[in-house]
Each structure stands twice: as structure tokens, then as C-alpha cells.
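Walk me through this protein model, please. Start with the aromatic rings, then move on to the strands, the cores and the cysteines.

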Amino acid sequence: MGFFSRGKDAERAPEEDSSNATRQLLGKASLHKAPAIVACCNQGSTCQAHFVAAMPDAVVLELVHDVECPFLPPATLCSVSFGLDSRAHVFLAQILEHAPADKARRTPERLRLQMPEQIASAEGRLMFRAPIPPDCPLEAAALVGAAALPVRAINVSLSGAFIEAPPALDVPVGGAFKLRLKLGDEAIDLDAEVRRRQGNAYGVFFPETMHRAGPEAPDALRAIYRDLEARWLRARRGSFEE
């Protein structure tokens with residue numbers, strides 16, 4: 001009996017460690033009021049927010065109204081991406097409550113989310129970059145003079161992208177070019193600063209999207225990112241349900 005009990009404890013320990021690490025990270029994000037982007041798959045909306053509290057079974061974010069956020073009903077699945085400690089983080093969680101602002105009590109509009117089971121992290125990025133699936137119709141091109149060189153976008157965020165370009169695009173680290181992104185009816189040309197390069201692979205940063213309070217991307221880029229993250233959400237949700 002004792003042997004099987006130890007086996008169950010051993011299987012449970014990694015999950016408990018992961019859960020503790022998740023709560024610690026979100027506790028730190030709340031302490032620093034880290035800015036975040038909340039993207040809701042079914043609603044097709046993206047909202048700006050910042051963390052305010054982390055509890056054993058929930059995390060609370062305060063909404064920032066640079067962009068109007070529609071009412072998000074309970075059980076809505078959403079993705080929350082944020083930067084902390086020079087890393088980008090993203091998690092999936094269900095909304096438990098969307099509380100409107102109460103001017104009489106001076107309480108701002110808030111979202112209470114279920115404590116996530118896991119958080120995905122990446123080094124050296126300000127925001128999570130949504131991977132581009134093979135079947136995604138995103139079009140990308142580097143604008144060089146009068147030419148538009150088709151490139152392949154590997155991932156895109158509100159602050160940058162990772163692309164593969166033809167040899168004709170030869171821009172050194174520290175240089176810049178215009179990157180055109182088009183998805184459906186949305187299209188935008190962005191200044192792209194080369195931060196990293198390996199051969200024909202470029203890691204670029206969008207300087208015009210960054211302000212002191214965090215990413216403030218143009219509407220077209222937000223719409224493209226929202227679509228890409230929704231596709232990622234659907235793929236992730238499918239993997240969780242399997």
C-alpha cells in the first residue's frame with residue numbers, strides 16, 4: 001500500500017511544483033502591475049489590462065480602456081500575454097467574472113480569471129509572439145525601394161516578428177526596413193528594426209508600437225495579431241481536449 005502511495009505522490013509532485021510556480025509568477029506580475037493583452041477566441045476581441053491580484057484559484061486583471069472591450073461572459077476562453085523579467089509569458093484561462101466599473105465605489109472594470117494550469121514562456125521578448133500555422137493566409141513582404149520582397153513570417157507579436165527572407169533582403173543588425181503584413185481585409189506597413197539575424201532569418205522590432213505604458217499597436221496590427229492568436233488558441237484548445 002505504501003509503495004503505491006509513494007508512486008501517486010511522485011506523479012503529483014511535478015504538477016504541484018508547476019502550480020506553485022504559476023502562482024508565484026502571477027503574484028509577481030500583480031505586485032508590479034504588469035501590463036497584459038487579453039485575447040478572447042470566441043468573442044474575437046483584444047483588450048489591454050494589467051495584473052492586480054493573484055489568489056489560490058484565480059487571477060485578477062484591471063482593464064485599460066485605450067481600446068473598447070466588449071462584455072466577456074463567464075466561461076469565455078481567453079489568452080493572456082505579458083512581459084516580466086525580460087521574458088514573454090502567455091497562458092490560457094476561462095473568465096470567471098467580468099465586473100464593470102463602479103464609479104460610486106471607485107472600483108475599475110476588472111476581469112477575474114481561473115488560475116491557469118500552465119504558463120508558456122520565452123526568453124528576451126516583450127510580448128508573446130503568435131506562431132503562424134502552415135495554412136494561415138497571412139501575407140508578408142519586405143519593402144525595399146520600389147520592390148516588395150515576399151517573406152515568410154514565422155511568428156508575430158504586437159512589438160515584433162520573426163521572418164525568413166530571400167537573399168535579396170540584406171539588412172544588417174541595427175538596420176531597418178518596412179515590413180508589410182496583410183491578413184484578410186487588414187493590412188499595415190511597419191518600420192522593422194533588425195535586432196537579430198542568422199543568415200536569411202530576421203528577428204525584427206516594431207519601434208512605433210512601444211510607449212512607456214507598454215505596447216500600443218495600430219488597429220490593423222491589433223486585428224492581425226488577434227486573428228493569429230485566435231488561431232493559436234483554437235489549436236491549443238484542441239490539444240487540451242484530446
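The count of aromatic pairs comes to three in this predicted model. One of them is Phe51 with Phe82. Their ring centres lie 4.8 Å apart, and the planes meet at 70°, an edge-to-face arrangement. The pair links distant parts of the chain. Phe51 sits in strand S2, which covers residues 45-54, while Phe82 belongs to strand S4, and 31 residues separate them. Both Phe51 and Phe82 are buried.

Phe82 has another ring partner, Phe91. Here the centres are 6.3 Å apart and the planes stand at 70°, so this pair too is edge-to-face. Phe91 is buried, as is Phe82. Ring pairs thus join Phe51, Phe82 and Phe91 into a cluster.

Now follow the strands around those rings. Strand S4 spans residues 77-84 and strand S5 spans residues 87-99. The two run antiparallel, joined by eight bridges. At one of these positions, Leu77 has Gln94 of S5 as its bridge partner. S4 and S5 make a hairpin, with two residues between them. Asp85 lies in that turn and has a positive phi of about 55°.

S5 also pairs with strand S6, residues 110-114. That pairing is antiparallel as well and runs over four bridges. Within it, Glu97 has Arg112 of S6 as its bridge partner.

Strand S9 brings in another set of pairings. S9 and S10 are antiparallel and share five bridges. They form a hairpin with two residues between the strands. Gly145, in the turn, has a positive phi of about 65°. S9 pairs with S12 too, again antiparallel and over five bridges. Ala142 takes part in both pairings: it stands opposite Leu149 in S10, and its bridge partner in S12 is Leu179.

Leu179 leads into the interior. The largest nonpolar core has 34 residues, and Phe177 and Leu179 have the most contacts inside it. Several elements give two or more residues to this core: strands S9 (139-144), S10 (147-156), S11 (160-164), S12 (176-183), S13 (186-198) and S14 (201-205), together with helix H2 (219-241). H2 supplies the largest share, five residues.

What does Leu179 touch, leaving aside its neighbours within four places in sequence? Its contacts are Ala141, Val151, Ala161, Ile163, Ile188, Asp189, Leu190, Ala192, Val204 and Phe206. A second, separate core holds 25 residues, including Val59, Phe91, Ile95 and Leu113. Phe91 was met above in a ring pair with Phe82. In soluble globular proteins, nonpolar side chains tend to be buried together.

Turn next to helix H2, where Arg231 is found. Is Arg231 buried or partly exposed? Its relative accessible area is 25%, so it counts as partly exposed. Beyond its neighbours within four places in sequence, Arg231 is in contact with Cys136, Pro137 and Leu183. Arg231 and Pro133 are 98 residues apart in sequence, yet their C-alpha atoms are 8.2 Å apart in space.

The contact with Cys136 raises the matter of the cysteines. How many disulfides does a search of the whole structure find? The search finds zero. Cys78 is buried, with a relative accessible area of 0%. Cys136 is buried too, at 10%.

Finally, step back to the whole chain. Its secondary structure comes to two helices and 16 strands. Of the 242 residues, 43% are buried. Take the contacts between residues at least 6 apart in sequence: 58% of them join residues at least 24 apart. The link between Phe51 and Phe82 showed one join between distant parts of the chain. The accessible surface comes to about 13000 Å², and carbon and sulfur atoms account for 51% of that area.

Definitions and conventions: Residues are numbered from 1 along each chain as its sequence is written. This is a predicted model: local features need pLDDT of at least 70, side-chain atom pairs count only at pLDDT 80 or more; totals for chains, interfaces and linings use all residues. Side-chain values use heavy atoms; hydrogens and water are left out. A disulfide is a pair of cysteine sulfur atoms within 2.5 Å. Buried means under 20% relative accessible area, exposed over 50%, partly exposed in between (1.4 Å probe, protein chains only). Contact means heavy atoms within 4.5 Å. Accessible areas come from the Shrake-Rupley method with a 1.4 Å probe; for residues, only the protein chains shown count as cover. A nonpolar core is a set of buried Ala, Val, Leu, Ile, Met, Phe, Trp, Tyr and Cys residues joined through side-chain atoms within 4.5 Å. Two strands pair if DSSP finds at least two bridges between them. Rings of Phe, Tyr and Trp (its six-membered ring) pair if their centres lie within 6.5 Å; planes under 30 degrees apart count as stacked, over 60 as edge-to-face and the rest as tilted.
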